[in-house]
Amino acid sequence: MAARVTAIFVWVTAGAGAVTFIALSAGGAALSARDATNMPHAQKDHTNRLIHATSPYLLQHAHNPVDWYEWGEQAFARAQKEDKPIFLSIGYSACHWCHVMAHESFENERVAEYLNANFVNVKVDREERPDVDEIYMHVTQLLNQGQGGWPMSLFLTPQREPIFAGTYLPPDQLLVLAQRIHDIWTSERDKVDKQTEVLRSMLDQWAAGAKPDDTAIALGTVDMVARTLASYIDRSKGGFRTEGNKFPPSMAMELMLRVHRRTGDADLLAAVETTLDQMARGGIYDQLGGGICRYSTDPDWLVPHFEKMLYDQALVSAIYLDAYLVTHDKRHANVARDIFDYVTRDLQSPEGGFYSTRDADSEGLEGAYYVWTVEQVQDALGPEEAGLFCKYYDVTESGNWFEPRGHAPAGPKNILHVSKPPATFAKLH
């Protein structure tokens with residue numbers, strides 16, 4: 001996930017019933033950010049113990065110079081014996097920012113040298129250990145004002161209690177942060193003990209609240225929740241109002257649609273249909289191949305995080321199908337059908353099972369498979385049909401896609417999207 005949360009809130013003090021999060025300062029670290037940025041990257045001549053893993057994500061890190069352990073007693077026993085904190089990194093094999101952090105930080109010789117000397121380093125595949133991921137994702141969101149994502153980066157005590165939680169960390173921040181954590185661990189242990197005590201209590205409360213409750217919820221409460229959710233919908237662009245990443249609000253729309261079905265509230269249906277229509281016309285939806293990307297990086301649904309998750313296909317196709325059942329409008333059924341076609345074509349394995357995700361990266365670049373130039377469209381379709389295609393999908397010489405880290409091939413690219421409603425475009429052409 002491209003939510004780039006870094007070193008935010010680290011230790012906690014409690015007093016008079018209040019909890020105060022104190023920001024960790026990286027000041028005073030011996031290594032400057034500039035030094036860390038200019039570190040040489042590792043050669044591919046390392047092999048660590050992850051070479052024996054079965055997880056594809058762990059195997060991607062088997063040649064890092066970082067001395068990785070899998071999650072297990074071997075790592076925990078060493079951390080306790082040597083009284084060293086644990087550096088925990090959680091991700092999965094198709095995660096774009098996990099790839100970035102692997103290349104930038106975990107292939108970096110000096111970063112690896114410092115982590116190996118002062119920490120016990122543990123890698124977790126969230127798809128292999130969702131139980132571990134769930135706990136530490138809650139910690140990460142708790143310490144970062146509700147923000148979280150992958151790669152997840154945490155520093156823990158040898159007893160696996162959190163000292164720090166964040167997500168993507170470039171090498172400069174990772175190394176400076178690691179030095180600061182080491183300093184706190186060796187000279188200010190009392191502050192770590194206070195934080196873990198408070199966090200343990202908060203996690204106990206969370207675990208208790210997660211237990212099933214059979215108490216029925218009144219229909220009036222359900223209606224109120226649905227209408228409250230609808231009040232946060234962007235009525236021109238769809239989805240919840242935001243200035244940043246926009247996710248398909250599938251389950252919220254499901255609730256709104258069900259309450260509309262029972263009460264006839266037209267406003268709830270309008271909020272759902274606006275969102276479905278704008279998503280279907282945006283870059284978050286693969287206009288050629290079908291399938292929905294994880295989220296849009298802008299409020300207009302234009303620039304997606306190109307990864308396609310299996311569970312998103314399930315959630316999004318379900319709401320399009322239910323919208324069709326309510327409205328009998330074939331445009332909703334068509335999107336659901338295209339998603340199903342995509343899943344059976346691209347996410348189903350030869351054995352009949354389904355892959356969990358499709359990587360955002362291709363040819364070593366994020367989204368390269370999905371973006372187009374005018375010349376590529378002309379080569380595929382010929383000049384006459386290419387002209388109409390480019391107008392419909394807003395493909396221009398100036399482009400609308402610029403890879404944010406500067407790794408894309410030279411020249412503007414285009415994410416296909418439908419800038420005008422199909423009926424309006426048909427009248428114009």
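**Note on the predicted model: loops, helix faces and helix pairs**

1. Pro151 lies in the loop that runs between α6 (130-143) and β6 (152-156). The peptide bond joining Trp150 to Pro151 is cis, with omega at about 5°. As the model is a predicted one, this bond is a feature of the prediction and is reported here as such.

2. For the overall setting, the protein has 16 helices and 15 strands. Of its 429 residues, 50% are buried. Among contacts with a separation of 6 or more, 66% are between residues 24 or more positions apart.

3. Two loop residues other than glycine deserve a look for their backbone angles. Asp83 has a positive phi near 55°, and Arg160 has a positive phi near 75°. Asp83 sits in the loop between α3 (73-82) and β4 (86-91), while Arg160 sits in the loop between β6 and β7 (162-166). Both side chains should be read with their exposure: Asp83 is partly exposed at a relative accessible area of 38%, and Arg160 is partly exposed at 27%.

4. Helix α3 comes just before Asp83. Which residues of α3 are buried? They are Ala75, Phe76, Arg78 and Ala79. These residues span an arc of only 165° around the axis, so they lie on the same side of α3. An arginine is thus part of the buried set, in the person of Arg78. On the other side of the helix, Glu73, Gln74 and Lys81 are exposed. The cover over the buried residues of α3 includes the strands β3 (68-70), β4 and β5 (120-125), together with helix α5 (109-118).

5. Helix α15 (residues 383-392) can be described in the same terms. Its buried residues are Ala386, Phe389 and Cys390. The arc they cover around the axis is only 95°, which places them on the same side of α15. Glu384, Glu385 and Lys391 are exposed on the face turned away from that buried side. The buried residues pack against α14 (374-381). After α15 comes Asp394, with a positive phi near 55°.

6. Gly387 is also a residue of α15. Is Gly387 buried or partly exposed? Its relative accessibility is 30%, and since the buried class ends at under 20%, Gly387 counts as partly exposed. The C-alpha atom of Gly387 is 8.8 Å from that of Val377, a residue ten positions away along the chain.

7. The pairing of α14 with α15 can be given in more detail. Their axes are 7 Å apart and the helices pack at an angle of about 130°. This makes α14 oblique to α15. The crossing is right-handed. From α14 the contact takes in Val377, Gln378 and Leu381, and from α15 it takes in Pro383, Glu385, Ala386, Phe389 and Cys390. By class, the residues of this contact are six nonpolar, one polar and one charged. The three buried residues of α15, Ala386, Phe389 and Cys390, appear in the contact list as well. Glu385 appears there too, although Glu385 is exposed and carried on the face turned away from the buried side.

8. A second helix pair is formed by α12 (residues 310-327) and α13 (residues 330-347). At what angle do the axes of α12 and α13 cross? They cross at roughly 155° and come within 8 Å. The two helices are therefore roughly antiparallel to each other, and their crossing is left-handed. The α12 side of the contact consists of Leu310, Gln313, Val316, Ser317, Tyr320, Leu321, Ala323, Tyr324 and Thr327. Opposite them in α13 are Lys330, His332, Ala333, Val335, Ala336, Ile339, Phe340, Tyr342, Val343 and Leu347. The residues in this contact divide into 14 nonpolar, four polar and one charged.

9. The two pairs can be set side by side. The crossing of α12 and α13 is left-handed, whereas that of α14 and α15 is right-handed. The first pair is roughly antiparallel, and in the second pair α14 is oblique to α15.

Notes
Residues numbered from 1 in each chain as written. Predicted model: local features only at pLDDT ≥ 70, side-chain atom pairs only at ≥ 80, totals over all residues. Heavy atoms only, no water. Buried < 20%, exposed > 50% of the residue type's maximum accessible area, 1.4 Å probe, protein only. Helix = DSSP H or I, 4+ residues; strand = E, 2+ residues; numbered from the N terminus. Arc of directions from axis to C-beta. Contact = heavy atoms within 4.5 Å. Axes fitted to C-alpha atoms, helices over the stretch in contact; angles between N-to-C directions. Parallel < 35°, antiparallel > 145°, perpendicular 65-115°, else oblique. Left-handed = near helix turned anticlockwise from the far one by under 90°. Nonpolar A, V, L, I, M, F, W, Y, C, P; charged D, E, K, R; others polar.
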